[in-house]
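Welcome to a short guided tour. Open the model in your viewer and keep the selection panel handy.

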Amino acid sequence: MNRKRALISDAFKVKKRRNGTEKFGADCEGPTDIGSTLEYLMTLFPRKLFNDTLPRIVLKHQLYSIHHDKTLVDKELNKLREQGELLMFQLGFDAEAFGLIFASDYKTKVLAGEEGRDTKATVEKFLEKVVSSCTDLSFSKDKMLREFLFTDTEITQLVKSGVLTVRDAGSWWLSIPNSGKFTKYFIKGRKAVLGMVKKSKYSEVLKADLEERRTTSHVKFDMKYHIHDIVGAELVESIPTTSGILLRFVDS
């Protein structure tokens, strides 16, 4: 299996939702529809950390930290994908983690990265023929050759450019070029924020207090970005109290 697709330890996997687990609810910053939630979560993405070379990335389960109805979230996301407004990616560190990027943002950043490169024409063809019209997360060699009419050489160029990454022999994932640093920072940050919760008294902390916590060198993203992650992934429970939302570490 490709190293970039290797799964990290079970502690980081998105957990299946338990009945009765509370999300942010009324305590959340407020977007009530999926589109607005996406926009809000995108504002938490640290563009400057990556010199504005990466498109803004949101994880699908982060929306579950705000919206209780996962079926509704998935349905609305699929609509946006079918309309060509949103792209979804299988992220390599967890089989249950999916990244969401606005299609226009993805195309802009990919093309900017291709300036002056010999792969630019092939990448432009891929964005126009494949990304703009297909919602698949991965592509077989047969589909790339027969349906989209790419040559073996062009497929090699797409892998070189980073818009495709090897899934297994004869198939490729749609991917985000130069996203390795994002994955590295995200995993380190998640581990550090979970550690903050676990080390708190009774392994629980008020969300508002955690948001104000001074971050360590391992936490390079906005604290709210990580909180939406660990709540949506059900690595912590979100419990309403008279003092606000309480986050409790879930012992796996």
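Helices in this tour are DSSP runs of H or I with at least four residues, numbered from the N terminus. Keep in mind that this is a predicted model.

Start by selecting residues 120-131, which form helix α5. Within that helix, pick out Lys-125. Is Lys-125 buried or exposed? Neither label fits: its relative accessibility is 22%, so Lys-125 counts as partly exposed. Now show its surroundings. Leaving aside residues up to four places away in sequence, Lys-125 touches Val-130, Phe-148, Leu-149, Phe-150 and Glu-154. Add Phe-150 to the selection: 25 residues separate it from Lys-125 in sequence, and the C-alpha to C-alpha distance is 9.1 Å.

Next, move to strand β2, residues 86-90. Five of its five residues are buried, so the strand is largely enclosed by the rest of the structure. Try colouring its two faces separately. Leu-86, Met-88 and Gln-90 lie on one side, Leu-87 and Phe-89 lie on the other, and all of them are buried. Then bring in strand β3, residues 98-102, which pairs with β2 in the antiparallel sense over five bridges. To find your place in the pairing, select Gln-90 and look across to Phe-98 in β3, which stands opposite.

For the last stop, go to Ser-65, in the loop between α2 (60-64) and α3 (70-82). Ser-65 is buried, with a relative accessible area of 0%. What does the side chain of Ser-65 reach? Turn on the backbone atoms of Gln-62: its oxygen is the partner, at 2.6 Å.

Terms used. Residues are numbered from 1 along each chain as its sequence is written. This is a predicted model: local features need pLDDT of at least 70, side-chain atom pairs count only at pLDDT 80 or more; totals for chains, interfaces and linings use all residues. Side-chain values use heavy atoms; hydrogens and water are left out. Helices (H or I, at least four residues) and strands (E, at least two) are DSSP runs, numbered from the N terminus. Buried means under 20% relative accessible area, exposed over 50%, partly exposed in between (1.4 Å probe, protein chains only). A polar contact is a pair of N or O atoms within 3.5 Å; within protein, one must be able to donate a hydrogen and the other to accept it, and residues adjacent in sequence count only if both atoms are side-chain atoms. Two strands pair if DSSP finds at least two bridges between them. Contact means heavy atoms within 4.5 Å.
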